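Take a look at the fold below and trace the chain with your finger. Where would you begin to make sense of it?

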Amino acid sequence: MADPRILVFAGSHRAGSINTRLAGIVVKELAMMDVPVTQISLADYPMPLYDGDLEAASGPPEAAKALHRLITEHQGVFIASPEYNAGMTGLLKNTIDWVSRIKTQPSPWKGRAYAIGAASGGNLGGYRGLLQLRQTLGLGLGATVIPEMTVVMRAGDAFAEHGGFKDEVMTNTMRTMLTRLVEEAARYVR
């Protein structure tokens, strides 16, 4: 059986984003596992705020269509999601909302596995935002979201110079999550 393809992105495109850094670590780990991986930035997929009137007048933006196609070309997706006010970022929510409006098949939500993670300077590591993201993906869109997550607390001190984590427990937690993501995504390889 062929290896699944995994798409990785962060719900932030801010310069110096710790969640973009987390996404980079995930890409590095997947590459070491010999899993085909693609990393993107949502900055390359600009979209206006979702507006039903705008959608009725001109349809979904081309960036949403391109992202829809890209997601459906992968069997697994990892999203590193910053936490804003106990929720996911507006950028990530808006991106999900626009992509969800494209009704062509295959679905970008069903028929693939999702994993989520967050890095935060606080003691909860972005956990509250991940709950909202899990609900949106799983309950709202019917996506398969694996139970394992990567939650990086006190992220200002969590990253090592070499690009990984200082804490071996954090590294092992992430590897467990990625192993499960790859196993679940492999079910969708055709």
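This walk goes from the sheet to the helices and ends with some unusual spots in the backbone. Keep in mind that the model is predicted.

Begin with the sheet. Strands of a sheet pair through backbone hydrogen bonds, and the pairing is either parallel or antiparallel. Here the sheet is open and has five strands. Their order is 2-1-3-4-5, and the pairing is parallel. Which strands lie at the edges? They are strand 2 (37–39) and strand 5 (144–152), each of which pairs on one side only. Neighbouring strands do not line up exactly: on average they are turned by 20° against each other, direction ignored.

Now follow the pairing across the sheet. Strand 1 (residues 6–10) runs parallel to strand 3, and five bridges join them. Find L7 and look across: V77 in strand 3 stands opposite. Move on to strand 4 (residues 113–119). Strand 3 and strand 4 are also parallel, again with five bridges. In this pair, F78 has A115 of strand 4 as its bridge partner. The next step leads to strand 5. Strand 4 and strand 5 pair in the parallel sense over six bridges. Here G117 faces T150 in strand 5.

Pause at strand 3 (residues 76–80). Is it buried or exposed? Five of its five residues are buried, so to speak of one covered face would miss half of the picture. Both faces are covered. On one side sit G76, F78 and A80, and on the other V77 and I79, all of them buried.

Next, bring in the helices. After strand 3 comes a useful pattern to trace. Strand 3, helix 4 and strand 4 make a β-α-β unit, and the unit is right-handed. Another helix packs on the sheet: helix 6 (residues 168–186). Which strands does helix 6 touch? They are strand 1, strand 3, strand 4 and strand 5. The direction of helix 6 makes about 165° with that of strand 5.

Helices can pack on each other too. Two packed helices are described by the angle between their axes and the distance between the axes. Take helix 3 (residues 62–72) and helix 4 (residues 90–100). Their axes come within 9 Å and cross at roughly 85°. An angle from 65 to 115 degrees counts as roughly perpendicular. Helix 3 and helix 4 are therefore roughly perpendicular to each other. Which residues meet there? Helix 3 brings A64, L67, H68 and I71, while helix 4 brings T95, W98 and V99. By class, this contact has five nonpolar and two polar residues, but no charged ones.

Last, look at the loops. Most residues other than glycine have a negative phi, and most peptide bonds are trans. Some places here depart from that pattern. D34 has a positive phi of about 60°, although it is not a glycine. D34 lies in the loop between helix 1 (18–32) and strand 2. Its relative accessible area is 60%, so D34 is exposed. N85 also has a positive phi, about 50°, and is not a glycine either. Look for N85 in the loop between strand 3 and helix 4. With a relative accessible area of 83%, N85 is exposed.

One peptide bond stands out as well. The bond that joins Q105 and P106 is cis, with omega about 5°. P106 is found in the loop between helix 4 and strand 4.

How values were computed. Residues are numbered from 1 along each chain as its sequence is written. This is a predicted model: local features need pLDDT of at least 70, side-chain atom pairs count only at pLDDT 80 or more; totals for chains, interfaces and linings use all residues. Side-chain values use heavy atoms; hydrogens and water are left out. Axes are lines fitted to C-alpha atoms, for helices over the stretch in contact, and angles run from 0 to 180 degrees between N-to-C directions. Helices (H or I, at least four residues) and strands (E, at least two) are DSSP runs, numbered from the N terminus. Angles under 35 degrees count as roughly parallel, over 145 as roughly antiparallel, 65 to 115 as roughly perpendicular and the rest as oblique. Contact means heavy atoms within 4.5 Å. Ala, Val, Leu, Ile, Met, Phe, Trp, Tyr, Cys and Pro count as nonpolar, Asp, Glu, Lys and Arg as charged, and the others, Gly among them, as polar. Buried means under 20% relative accessible area, exposed over 50%, partly exposed in between (1.4 Å probe, protein chains only). Two strands pair if DSSP finds at least two bridges between them. A crossover is right-handed if, with the strands pointing away from the viewer, the path from the first strand over the helix to the second runs clockwise.
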